[in-house]
Amino acid sequence: MAGVQVANVSRSFGAHKALDDVSIDFADGGFYALLGPSGSGKTTLLRQIAGFDFPDAGRIAIGGESVERVPVEKRCIGMVFQNYALFPNMSVADNVAFGLSVRGEPKAAIAAEVQRALDLVQLGKLGGRRPHQLSGGQRQRVALARAIVTKPRVLLLDEPLGALDKALRVDMQIELKRIQREIGITTIFVTHDQEEALTMSDRIGILRDGRLVQEGPPEEIYDRPQSEFAATFLGDANIFRGDATGNGIMLQDGTTINAASGASVPAGAKASCAVRPERIQISTGAAKPGSADANTLKGQVSKRIFAGNSSTYFVDRDGQTLKVIVQNTGAERLVEGQDVVLRWSPDSTVLIGV
Amino acid sequence: MATTRILEWLGRFYIVLLLSFLYLPIVIMAAMSFNASPFYQLPFEWTTDWYSSLWQNDQLIVATWNSIEIAVITTIISTMLGSMASLALYRYEFRGKRFLQALLFPPIAIPWLITGTAMLIFFFGVGIGRGLVAILLGHVALALPYVIVVVSARLQTFAPELEEAARSLGANQWQVTMRVTLPWIMPGVIAGGLFAFAVSFDQFVVSYFLSTPGQTTLPVEIYAAIRKGFTPEINAVSTIIIVVSMALMLLTARFFKFGGEK
C-alpha cells in the first residue's frame, strides 16, 4: 500500500486541455473523492493514475516511485469500472482469480485468496455463478473483490455506484467504506455525486475544466469554499457580489455583508460572499435582534417547497433570489408573498476573491 | 375457421415446395449414386459399384484430398490472419483505417472470374505460376475478407472495458487477448472459419484458372470428368461430400449456438 503523488500533470487531446497542471497528494490509506461535472477531467486524471494513458507533462508517483511512463499492467493497481467490466465468459470465482492467475500463482493459493476476497464482500457462496446471474449490487461486489484480491497499492474507482439505484447505492457506500477501512488501502474515487463525495471521503478534490479548483477535507471545502464554483458545486450556496470592505463586501445598494472567514481581499476590489441556505434565519421581522454585526436583509417569500423534515424558502431581494432552508421544528410556516427578514452570522459567511 | 385452415395448408405446402426445391436435386443425385444404370434408368436397382469404382479412380481421390488439404490450410491461415486483422482494426486508430476497411468489401463483390484472371496474370508475373500453391494463395485471399467481416461484427459487441479491466489486473497483451478477447469473439472466429472453409472447398472459378492437369481440386476435376463423359462416380463422390459437410455443419451448430451466445 502506498500514497499517490500527482505533480503538475497536464494532458491534452488535440486542442482540448483535459488536465491542466494538476497537483494532488493522496496520502497512504486515505479515501479520496475526485468530484467535478462531466468534462472536468476527473476521469482523465484517474486514468492517468491507473496508467491507461500517459501525461504530456508532470509526474505521477505511487509509493514514491515514478510511474508516469509505466503501463497499467505493471502499476499494481486495482480498479473498479462504472459498468463493473466483469468477464462474461468466466465464473465469479474465475473473475476474482484472474489477477492472481495471470501472475502464475499456484492454484491452491489462488483458491484460498479468492475465497477470502469473496467472503470480505459477503459473496462467499456465489463463486460458481456467472456474472449475468448476479444483481447489480452483487456484480459491484465481485468487481471490488477482483480489484483488491491482488493486494494492489492503490484502489481506483470510476463512478462505481453510478449504475445502482438509490437505496442500493447508500448500502454500497457504507459497505465500500467498511472494506476500505478493513484493508486500509489508499482509495481514489471519481464521482459527480456531491453527496457521495461528502459522506464517503476523507478528502475531496474538486475539478473544473481540467484544473483542480480546491482540495481538502469535506468539512473544510463545505464551510470555507475558495471559489464560487466550489461553493455552488459542493452543496448549495447563496452568492452575493460586491466591493470588498476589508471584512466583507458592500452590495450595490449600499448594504454591507460581513464575513468572518475566507480570503483576504483588499478593500475596493471585486469580491463575493457565500452563505449556506441552512445558516440563514428567516423571520417576519419583529423577531429578536441578533448580535450587532449580524447580517440582515429584507425580502419577500416567492416560493416555498415543503420536504417533510425541512422547508426551502425562495426569497426575492433586489432582483436576486435567495435560498433558505429551515428545519421543521414545528414553528409557524411562512407563506408565499410574505415580507421577511433574513439574518445570519458573519461566522457563516465566507469571503471569496474574484 | 375454414379460411385459416386453408391458409395453414397453403403454408405447409409452401414449406414442402421450398424444401423440395432445395433438396430434391441432391436427394435424386444421392439415389442415383446407388442405382445400377449409368444412364439414370429406372426401375431402381441397388448397387454400390459406383462407390467401389470411385475407390479405383485415383485422379478423383487425389483431387479430393487436394481440396480438403487446401480448404483446411486456407481455413487455418485466413482465420488466424483475419482475426488478427479484425483485432488490429478494433484496437488501434491509425491513418487510412477507414479506407482500409472500405477496401475489404470489393473483393467480395468482384466476380470470381475477374479475380481469377487477375490472380493468374499476377502469379505468372511474380513467378509463382499455377498449381496447388497458387490455388492456396488465391483461396486465402478470397476467404480473408469474409473472416474479417464476420469477426469484426462480433467485436462490435465486445466491451472495451473488459480489456482495460484485464490489464489493470496485471495481464499482458497476450494474456488479455487469449483469456478475455478471444473467448468473447470465438463464435465469430468459428463462423468466419466455416465461411473460409466453404469459400475454399466450393471454389471452382479461381481454382480452374490456377490449376494444372496434375495439381487440381475436386470441383475442377468433377467439371473435367463431366466434360469427358458423365459417370455415376461423380454422384457417389458428391454424395459423400454432402453427407460429411452436413454432418460437420450440424455438429458446429450444436456446439456453438450462433447468435444465442450470451
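In this predicted model, the crossing between helix 3 and helix 9 of chain B is right-handed. Helix 3 of chain B covers residues 58–91, and its axis comes within 8 Å of that of helix 9 of chain B, with a crossing angle of roughly 140°. Angles over 145 degrees would count as roughly antiparallel, and the two helices, helix 3 and helix 9 of chain B, are therefore oblique to each other. On the helix 3 side of chain B, the residues that meet helix 9 include B:Ser67, B:Ile70, B:Ala71, B:Thr74 and B:Thr75, and further along B:Ser78, B:Thr79, B:Gly82, B:Ser83 and B:Leu87. Their partners in helix 9 of chain B are B:Thr181, B:Val189, B:Gly192, B:Gly193, B:Ala196, B:Phe197, B:Ser200 and B:Phe201. Sorted by class, this contact of helix 3 with helix 9 of chain B holds seven nonpolar and eleven polar residues, and no charged ones.

Helix 9 of chain B also packs against helix 8 of chain B, this time at an angle of about 135° and with the axes 10 Å apart. Helix 8 and helix 9 of chain B are therefore oblique to each other as well, and their crossing is right-handed. The contact brings B:Leu162, B:Glu163, B:Ala166 and B:Arg167 of helix 8 up against B:Val176, B:Val180 and B:Thr181 of helix 9. Here the class count for helix 8 with helix 9 of chain B comes to four nonpolar residues, one polar and two charged. B:Thr181 turns up in this contact with helix 8 and also among the helix 9 residues that meet helix 3 of chain B.

Helices 8 and 9 of chain B matter for the picture between chains too. The contact between the chains draws 18 residues from chain A and 17 residues from chain B. On the side of chain B that touches chain A, helix 8 (160–168) and helix 9 (173–201) each put in at least two residues. Helix 8 of chain B gives the most to that side, with seven residues. The side of chain B that touches chain A splits into nine nonpolar, four polar and four charged residues.

Further along chain B comes helix 11, residues 218–228, whose buried residues are B:Leu218, B:Val220, B:Glu221 and B:Ile222. So a charged residue type, Glu, sits in that buried set alongside nonpolar ones. Just past the end of helix 11 of chain B, B:Gly229 takes up a positive phi of about 140°.

Turning to chain A, the chain holds eight helices and 21 strands. Its C-alpha trace spans about 75 × 45 × 35 Å along the principal axes. Of the 354 residues in chain A, 40% are buried. Counting contacts in chain A between residues at least 6 apart in sequence, 66% join residues at least 24 apart. The chain is divided into domain 1 (4–223) and domain 2 (236–353), and the C-alpha centres of these two domains of chain A lie 39 Å apart.

Two residues of chain A other than glycine have a positive phi worth a look. A:Ala85, with phi near 50°, is found in the loop between strand 6 (77–80) and helix 2 (92–101) of chain A. Is A:Ala85 buried or exposed? It has 25 C-beta neighbours inside 10 Å, and A:Ala85 therefore counts as buried, the cut-off being 20 or more. A:Gln122 has phi near 60° and is found in the loop between helix 3 (107–120) and helix 4 (136–148) of chain A. A:Gln122 has 13 C-beta neighbours inside 10 Å, so it counts as partly exposed.

A:Thr256 also counts as partly exposed, because it has 13 C-beta neighbours inside 10 Å. This residue lies in strand 13 (residues 256–258) of chain A. Setting aside neighbours within four places in sequence, A:Thr256 is in contact with A:Thr245, A:Gly248 and A:Met250. A:Thr256 and A:Ala244 are twelve residues apart in sequence, and their C-alpha atoms are 9.5 Å apart in space.

Technical notes:
Residues are numbered from 1 along each chain as its sequence is written. Chains are lettered from A and ligands numbered from 1 in the order in which they are written. This is a predicted model: local features need pLDDT of at least 70, side-chain atom pairs count only at pLDDT 80 or more; totals for chains, interfaces and linings use all residues. Two residues are in contact if their C-beta atoms, placed from the backbone, lie within 7 Å. Helices (H or I, at least four residues) and strands (E, at least two) are DSSP runs, numbered from the N terminus. A residue is buried if 20 or more other C-beta atoms lie within 10 Å of its own, exposed if 12 or fewer, and partly exposed in between; C-beta atoms are placed from the backbone. Domain bounds come from an automatic or database domain assignment. Axes are lines fitted to C-alpha atoms, for helices over the stretch in contact, and angles run from 0 to 180 degrees between N-to-C directions. Angles under 35 degrees count as roughly parallel, over 145 as roughly antiparallel, 65 to 115 as roughly perpendicular and the rest as oblique. A crossing is left-handed if the near helix is turned anticlockwise from the far one by less than a right angle, and right-handed if clockwise.
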